[in-house]
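Student: Hi! Could we walk through this fold together, beginning with how the sheet is put together?
Tutor: Happy to; here it is.

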Amino acid sequence: DQMRGQGVEDHVHDWNHQLALFRDEDTFRTRAEKIEGVRRKWHAEGFRAAVLYRNTEWIETLGFAYDMSVPCVGHLDPQPGGCCTVFPWFLGKTLEIPLTTTQDYSLFHFLQEYSTALWVAQLSSIQARHGLASFIVHPDYLVGEPALRTYAALLRSIAELGERNHV
């Protein structure tokens, strides 16, 4: 309640990380009921599926105001594909906010990259299109000096971009 009073918003992050939510319709319905209970209890407006494993035809039925489960490009994610846009759009009544940058896990563990070069290039591309920059950064992956240094550099890049554009 204290955080909510300061403008922090809750959202639900799937039921668990077993990638089973969208496996079949029966599993989805069972878990969707539980997710609905959590949504109401926490007054959560948004949702993100675990590991961005999604079914866009079923997301709207969860009843959230917005969803953040669809990457712009998902070539490094367990479920390939994406929306190919840096702009939000509606899935029925649910606003879909795409992930438009590479996740920290993919950057650090798949690409083994500890610089902001990819993120900065993505930000430049998104800005050129006047799109939305969205990130997934996990606190449990920001362990160790290289990851923390990279994340701090990303925050500096975003702040500098905002200052240059008077945002």
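Tutor: One definition to begin: two strands pair if DSSP finds at least two bridges between them. Strands here are DSSP runs (E, at least two residues) and helices likewise (H or I, at least four), numbered from the N terminus. This is a predicted model, where local features need pLDDT of at least 70, side-chain atom pairs count only at pLDDT 80 or more, and totals for chains, interfaces and linings use all residues. Residues are numbered from 1 along each chain as its sequence is written, and side-chain values use heavy atoms, leaving out hydrogens and water.

Student: Cool, what order do the strands take in the open sheet?
Tutor: The five strands are ordered 1-2-3-5-4, with mixed pairing. Strand 1 (11-12) and strand 4 (89-91) are the edges, each pairing on one side only.

Student: And how many bridges join strand 3 to strand 5?
Tutor: Two, between residues 66-67 and residues 94-96, and these strands run parallel. Asp67 has Glu96 of strand 5 as its bridge partner.

Student: Switching topic, what pattern does the protein chain follow along the sequence?
Tutor: The protein chain reads α-β-α-β-α-β-β-β-α-α-α, with six helices and five strands.

Student: How much of the protein chain is buried?
Tutor: Buried residues (under 20% relative accessible area, 1.4 Å probe, protein chains only) make up 38% of the 167 residues.

Student: What box do the C-alpha atoms fill?
Tutor: Roughly 45 × 35 × 35 Å, taken along the principal axes.

Methods:
Buried < 20%, exposed > 50% of the residue type's maximum accessible area, 1.4 Å probe, protein only.
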